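Biologist: I would be grateful for a close look at a single part of this model, namely its pocket and the helices around it. Please set that part in the context of the whole chain.

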Amino acid sequence: MAAGRQAAPGRTAEDEQLLDRLAGHVVRHRMTVPAILFLESVKPLSFLGSQALYFFEPMVRALFTVPEYERFAALLERRDTLEALLVKIEARDDEERRAERRRREERRAARDAERKGREHS
């Protein structure tokens, strides 16, 4: 969680960290668009989804520890959690895109400088 940012009402700092971590996984695996489409489409069914998570718990333990999984399932019982997760995914994706753009520009500048150095030699 970003320094100085407070947890939303009804969510603890640990809840926010869990949502941040999940958003990081989504962005790292370049699943931003499918995740956003999925989360937006199931927002009205978030409580039902939280109950389904309890059913699928044995299969999903690969992403979460047991306490985190139970916390995430409980968080999904509240509709505002999906919106918070969507916002975190979008923000993380924006950060990643800006960082990737900077890396590309730095590589391009380094290549251009190397070419100029070879031309003057």
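**The pocket and its surroundings**

Modeller: A convenient place to start is arginine 30, which is found in the loop between H1 and H2. The model is a predicted one, and what follows should be read accordingly. Arginine 30 has a positive phi of about 55° although it is not a glycine. With a relative accessible area of 65%, arginine 30 is exposed.

The chain as a whole has six helices and zero strands. Read from the N terminus on, its elements run α-α-α-α-α-α. Of the 121 residues in the chain, 28% are buried. Among contacts between residues at least 6 apart in sequence, 69% join residues at least 24 apart.

The part you ask about is the largest pocket, whose volume is about 550 Å³. This pocket is lined by 24 residues, and those closest to its centre are Phe38, Leu39, Leu53, Phe72 and Leu76. Helix H1 (13-28), helix H2 (32-42), H3 and helix H6 (79-120) are the elements that give two or more residues to the lining. By class, the lining of the largest pocket comprises 19 nonpolar and five polar residues, with no charged residues.

Leucine 39, one of the residues closest to the centre of the pocket, deserves separate treatment. Leucine 39 lies in helix H2. Its relative accessible area is 10%, and leucine 39 is therefore buried, the limit being under 20%. Not counting residues up to four places away in sequence, leucine 39 touches Leu82, Leu85, Leu86 and Ile89. For one of these partners, leucine 86, the separation along the chain is 47 residues, while the C-alpha atoms of leucine 39 and leucine 86 are separated by 7.2 Å.

Two further residues closest to the pocket centre, Leu53 and Phe72, also belong to the packing of H3 against H5. Two packed helices are described by the angle between their axes and the distance between the axes. For helix H3 (residues 46-55) and helix H5 (residues 66-75), the angle is about 155° and the axes are 8 Å apart. Angles over 145 degrees count as roughly antiparallel, so H3 and H5 are roughly antiparallel to each other. In this contact, Ser50, Leu53 and Tyr54 in H3 meet Tyr69, Glu70, Phe72, Ala73 and Ala74 in H5. The residues of the contact of H3 with H5 divide into six nonpolar, one polar and one charged.

Helices H1 and H6, which both give residues to the pocket lining, each contain an aspartate that merits attention. Aspartate 15 has its place in helix H1. Aspartate 15 is buried, at a relative accessible area of 8%. Leaving aside neighbours within four places in sequence, the contacts of aspartate 15 are with Gly10, Arg71 and Leu75.

Aspartate 93, for its part, lies in helix H6. Its relative accessibility is 13%, so aspartate 93 counts as buried. Again leaving aside neighbours within four places in sequence, aspartate 93 is in contact with Val27 and Thr32. Aspartate 93 and valine 27 are 66 residues apart in sequence, whereas their C-alpha atoms are 5.7 Å apart in space.

To return to your request, the pocket has a lining with 19 nonpolar and no charged residues. Leucine 39, which is buried, and Leu53 and Phe72, which take part in the contact of H3 with H5, are among the residues closest to its centre.

Methods: Residues are numbered from 1 along each chain as its sequence is written. This is a predicted model: local features need pLDDT of at least 70, side-chain atom pairs count only at pLDDT 80 or more; totals for chains, interfaces and linings use all residues. Side-chain values use heavy atoms; hydrogens and water are left out. Axes are lines fitted to C-alpha atoms, for helices over the stretch in contact, and angles run from 0 to 180 degrees between N-to-C directions. Helices (H or I, at least four residues) and strands (E, at least two) are DSSP runs, numbered from the N terminus. Angles under 35 degrees count as roughly parallel, over 145 as roughly antiparallel, 65 to 115 as roughly perpendicular and the rest as oblique. Contact means heavy atoms within 4.5 Å. Ala, Val, Leu, Ile, Met, Phe, Trp, Tyr, Cys and Pro count as nonpolar, Asp, Glu, Lys and Arg as charged, and the others, Gly among them, as polar. On a 1 Å grid over the protein atoms alone, a cavity is a set of points where a 1.4 Å probe fits but cannot get out, and a pocket is an open set with protein on both sides within 12 Å along at least five of seven lines; lining residues have an atom within 4 Å of a point. Grid points are joined across faces, edges and corners, and a volume is the space filled by probe spheres set on the points. Buried means under 20% relative accessible area, exposed over 50%, partly exposed in between (1.4 Å probe, protein chains only).
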